[in-house]
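Please open the model in a viewer and keep the selection panel at hand. The tour proceeds by selections, each followed by an account of what is found there.

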Amino acid sequence: MSILQSTDLCKTYGSGESEVRALDHVSIQIEDGEFVAIIGTSGSGKSTLLNMLGGLDRPTSGSVRVAGKNIFSMSDEELTIFRRRNIGFVFQNYNLVPILNVYENVVLPIELDGSRVDKEYVETIIHTLGLQKKVTAMPNQLSGGQQQRVAIARALACKPAIILADEPTGNLDSRTSMDVISLLKMTSQEFHQTIVMITHNEEIALMADRMIRIEDGAVKVGEKDA
């Protein structure tokens, strides 16, 4: 079953001779529980696509469905609530709150939504990611790899329909990068979590279940199931 689907997704900036087409009729389908890498060079449109898939920006035309819902048919307020409850984000720069410890960072989105924290589930995630000895540590006491683990735990904690990871290893050395990708793959399998990862690194992309290549704002023909 498709948990995430884009149909004829277009995004243009400017007009006339200065028009730039960042996305050009992108149609993709992601199945429930898949770990998919979207790969492309800088300027290929992959980050623009991630922003559309996550409802962080609205397209010029086309649609995105998450768990069967057309997210761009919603008002901005409805979309904000839907995004918080159904889409987890893992960013290159971790985006941890510096004045909160590891556990507080992990449960923050759940508390902001006014929902009850499933403590047993959160503890399972923390243990799975090897953070059980760091729950009271502050972000500035963690290595880059540990901070990215916290970001992954935070994304998983609210049990989202999908997790979108934007160059999650961009600030990490090669060994730590492989550790983080291995953890993403493991959590995808362990929790049957759908993960879509943006990367420019072919070696990292090959660790996913499937790879989609983007060039000049379009899916490269024949590269959807590499």
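Select helices α3 (residues 102–112) and α4 in this predicted model. Their axes lie 11 Å apart and form an angle of about 125°; α3 and α4 are therefore oblique to each other, since this angle falls outside the ranges for roughly parallel (under 35 degrees), roughly perpendicular (65 to 115) and roughly antiparallel (over 145). The crossing of the pair α3 and α4 is right-handed. Display the side chains next: α3 contributes Tyr103, Val106 and Val107 to the contact, and α4 contributes Lys119, Val122 and Ile126. By class, the contact of α3 with α4 comprises 5 nonpolar residues and 1 charged residue, with no polar ones.

Keep α4 (residues 119–128) selected and add helix α5 (residues 144–157). Here the packing angle is about 150°, and the axes are 10 Å apart. With roughly antiparallel set at over 145 degrees, α4 and α5 therefore count as roughly antiparallel to each other. The crossing of α4 past α5 is right-handed. Which residues of α4 meet α5? They are Tyr121, Val122 and Ile125, and their counterparts in α5 are Ala153, Leu156 and Ala157. The contact of α4 with α5 has 6 nonpolar residues and neither polar nor charged ones. Val122 of α4 thus appears in the contact with α3 and in the contact with α5.

Leu156 leads to the next selection, Gln193, which it touches. Gln193 is located in the loop between α6 (174–190) and β8 (194–199). Is Gln193 buried or exposed? Its relative accessibility is 4%, and because buried means under 20%, Gln193 counts as buried. Beyond four places away in sequence, the residues that Gln193 touches include Gly33, Glu34, Pro160, Ala161, Ile162, Ile163, Thr187 and Ser188.

Now select strand β9 (residues 210–215), of whose 6 residues 5 are buried. Add strand β3 (residues 35–39), which pairs with β9 in the parallel sense over 4 bridges. In this pairing, Ile39 stands opposite Arg213 of β9.

Finally, select strand β10 (residues 218–219), which pairs with β9 in the antiparallel sense over 2 bridges. Ile214 stands opposite Val219 of β10. The strands β9 and β10 form a hairpin with 2 residues between them. Centre the view on Asp216 in the turn, where phi is positive, at about 50°.

Conventions
Residues numbered from 1 in each chain as written. Predicted model: local features only at pLDDT ≥ 70, side-chain atom pairs only at ≥ 80, totals over all residues. Heavy atoms only, no water. Buried < 20%, exposed > 50% of the residue type's maximum accessible area, 1.4 Å probe, protein only. Pairing = 2+ DSSP bridges. Axes fitted to C-alpha atoms, helices over the stretch in contact; angles between N-to-C directions. Left-handed = near helix turned anticlockwise from the far one by under 90°. Contact = heavy atoms within 4.5 Å. Nonpolar A, V, L, I, M, F, W, Y, C, P; charged D, E, K, R; others polar.
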